[in-house]
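This report describes the fold, the enclosed helices, the surface and selected local features of one protein chain. The sequence and the model are shown below.

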Amino acid sequence: MKESIDHLKELDYADFEVLIVSDSTETFDFKNDTRFRIISSGPMGPGEKRNLGAKQATGDILVFLDDDAYPKSDWLTKAAEAFNSTDTYALGAPAVTPLNATFKERCSGRVLESFLTSAGTRYRHIPMKRKFVNDYPTVNLFVKKEAFDRVGGFIKEFWPGEDTKLCLDLLKYYKRPFLYDPAPIVYHHRRELFLPHLKQISRYGMHRGQFARIFPETSRNLSYFIPSLFVIGFVFGWLSIFINQYLFYIYCAVVLIYIVAIHAEGFRIAITDKDLKEAAPVHMGIALTHFVYGINFIIGIIKRPTLKLRSFDEKTGNYLGG
């Protein structure tokens with residue numbers, strides 16, 4: 001949180017306010033900067049906290065930023081340019097791996113940035129071509145306050161996933177997608193490989209599975225189902241040997257191609273970063289991400305995930321764990 005505040009103070013855009021919604025009263029040195037304000041919410045979920053902050057916000061555009069993310073100095077300037085150049089009610093922008101990330105954090109980031117992991121949603125993790133989207137996480141999300149109020153803000157029943165429901169409500173109301181622009185960049189700290197990263201992936205998979213069942217409009221994309229289909233094929237495909245030997249050969253060929261592909265991706269990333277130590281954890285991280293996400297996606301379809309709020313570090317104000 002302190003890192004985020006320090007960078008917010010350095011923004012080259014003067015006309016903004018920062019509302020920090022915290023479980024308890026916290027002390028930060030704002031050095032008499034009246035643009036910063038702390039709201040003590042008591043224990044409540046992220047969606048409720050964001051609604052509370054939005055209610056007290058005085059600006060025309062709401063900006064949602066995670067406590068473990070911080071912006072580039074031109075963040076708001078670039079966002080203002082994007083809003084001024086298009087008639088959009090919301091704006092999503094990339095949340096990239098920090099340049100000063102630790103080794104394990106950087107490896108987690110590279111896993112998320114890989115096409116083999118994120119496929120058509122890589123633009124969330126690295127700057128890519130401007131486009132229109134229908135779903136975006138709140139780590140770097142701008143929404144016009146009028147639009148936010150029209151759909152009633154976030155719902156409190158889901159986390160993660162409250163941002164997906166907000167975007168779906170906006171999509172239904174405006175009957176058109178909103179803008180993604182690569183320029184308003186924030187740096188988002190990753191969960192370290194392996195356990196914290198996989199805990200986070202398990203939550204994402206479970207809630208996306210639930211949403212695929214109850215919110216089909218934006219959560220039944222084929223890319224969300226592929227990890228689960230792969231897990232099922234990988235676990236049970238060998239049984240084809242009892243049905244047809246050629247089917248078994250196809251199964252073996254697919255598994256071999258998969259193993260070669262993730263190894264090649266691990267080495268590609270390591271060579272690009274000029275750090276060969278990344279190769280093994282990255283390719284293992286990609287494979288484990290596929291399996292953890294795929295299994296939990298199935299669980300989410302079958303069983304409603306339980307809303308479990310995480311505890312946080314009182315010294316940093318950041319959430320603990322994955």
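Does phenylalanine 242 count as buried or exposed? Phenylalanine 242 counts as exposed, because its relative accessibility is 66%. The model under discussion is predicted.

## The nonpolar surface patch

Phenylalanine 242 lies in the loop between α10 and α11. It belongs to a nonpolar patch on the surface, whose other members are Ile232, Phe234, Val235, Phe236, Trp238, Leu239, Ile241, Ile243, Leu247, Ile250 and Val254. Together these residues have about 1,200 Å² of accessible area. Two elements, α10 (222-236) and α11 (245-273), each give two or more residues to this patch. The largest contribution is that of α10, with four residues.

## Overall architecture

The protein contains 12 helices and 10 strands. Its C-alpha trace spans about 70 × 45 × 40 Å along the principal axes. The radius of gyration is 21 Å, which agrees with the value near 20 Å for a compact globule of 322 residues.

Of the 322 residues, 50% count as buried. Among contacts with a separation of 6 or more, 74% are between residues 24 or more positions apart. The protein exposes about 16,300 Å², and carbon and sulfur atoms supply 61% of that area.

## Two enclosed helices

Helix α7 (residues 162-174) is largely enclosed by the rest of the structure, because 10 of its 13 residues are buried. The buried residues are Glu162, Asp163, Thr164, Lys165, Leu166, Cys167, Leu168, Asp169, Leu170 and Leu171. Their cover includes α2 (46-56), β8 (140-144), α6 (145-150), β9 (178-180), α8 (195-214) and α9 (216-219). The end C-alpha atoms of α7 are 19 Å apart, in agreement with the 18 Å that its 13 residues should span at 1.5 Å a residue.

Helix α4 (residues 103-113) is likewise largely enclosed, since nine of its 11 residues are buried. Those nine are Glu105, Arg106, Cys107, Ser108, Gly109, Arg110, Val111, Leu112 and Glu113. They pack against α5 (115-118), β10 (186-188), α8, α11 and α12 (279-302).

## A buried glycine in β5

Glycine 92 is located in strand β5 (residues 90-92). This glycine counts as buried because its relative accessibility is 0%. Apart from neighbours within four places in sequence, glycine 92 is in contact with Tyr136, Asn140, Leu141, Phe178, Leu179, Tyr180 and Asp181. Its C-alpha atom is separated by 10 Å from that of alanine 82, which is 10 residues away along the chain.

## Salt bridges

The structure holds 19 salt bridges. One of them pairs aspartate 87 with arginine 176, with 3.9 Å between the closest N and O atoms. This pair links distant parts of the chain, 89 residues apart: aspartate 87 is in the loop between α3 (75-85) and β5, and arginine 176 is in the loop between α7 and β9. Aspartate 87 counts as exposed, at 61% relative accessibility, whereas arginine 176 is partly exposed, with a relative accessible area of 28%.

Aspartate 135 forms a salt bridge with arginine 208, the closest N and O atoms lying 3.0 Å apart. Here the connection runs from the loop between β7 and β8, which holds aspartate 135, to arginine 208 in helix α8, 73 residues apart. Both aspartate 135 and arginine 208 are buried. A separate group, made up of Arg106, Asp275, Lys277 and Glu278, is joined into one network by salt bridges that share partners. Aspartate 135 also forms a salt bridge with arginine 124, with a closest N to O separation of 3.7 Å. Arginine 124 sits in the loop between α5 and β7, 11 residues apart from aspartate 135; arginine 124 is buried, with a relative accessible area of 15%.

## Backbone exceptions

Most residues other than glycine have a negative phi, and most peptide bonds are trans. Lysine 175, just after α7, takes a positive phi of about 60°. Lysine 175 is exposed, with a relative accessible area of 71%. Alanine 119 has a positive phi of about 45° and is located in the loop between α5 and β7 (131-133). Alanine 119 is partly exposed, at a relative accessible area of 26%.

The peptide bond from leucine 193 to phenylalanine 194 is cis, with omega near 10°. Phenylalanine 194 lies in the loop between β10 and α8.

Technical notes: Residues are numbered from 1 along each chain as its sequence is written. This is a predicted model: local features need pLDDT of at least 70, side-chain atom pairs count only at pLDDT 80 or more; totals for chains, interfaces and linings use all residues. Side-chain values use heavy atoms; hydrogens and water are left out. Patches are made of residues with over 30% relative accessible area and no salt bridge: like charges are joined within 9 Å, nonpolar side chains (Val, Leu, Ile, Met, Phe, Trp, Tyr) within 5 Å. Accessible areas come from the Shrake-Rupley method with a 1.4 Å probe; for residues, only the protein chains shown count as cover. A salt bridge is a side-chain nitrogen of Lys or Arg within 4 Å of a carboxyl oxygen of Asp or Glu. Buried means under 20% relative accessible area, exposed over 50%, partly exposed in between (1.4 Å probe, protein chains only). Contact means heavy atoms within 4.5 Å. The radius of gyration is taken over C-alpha atoms; the globule rule is 2.2 Å times the number of residues to the power 0.38. The expected span of a helix is 1.5 Å times one less than its number of residues.
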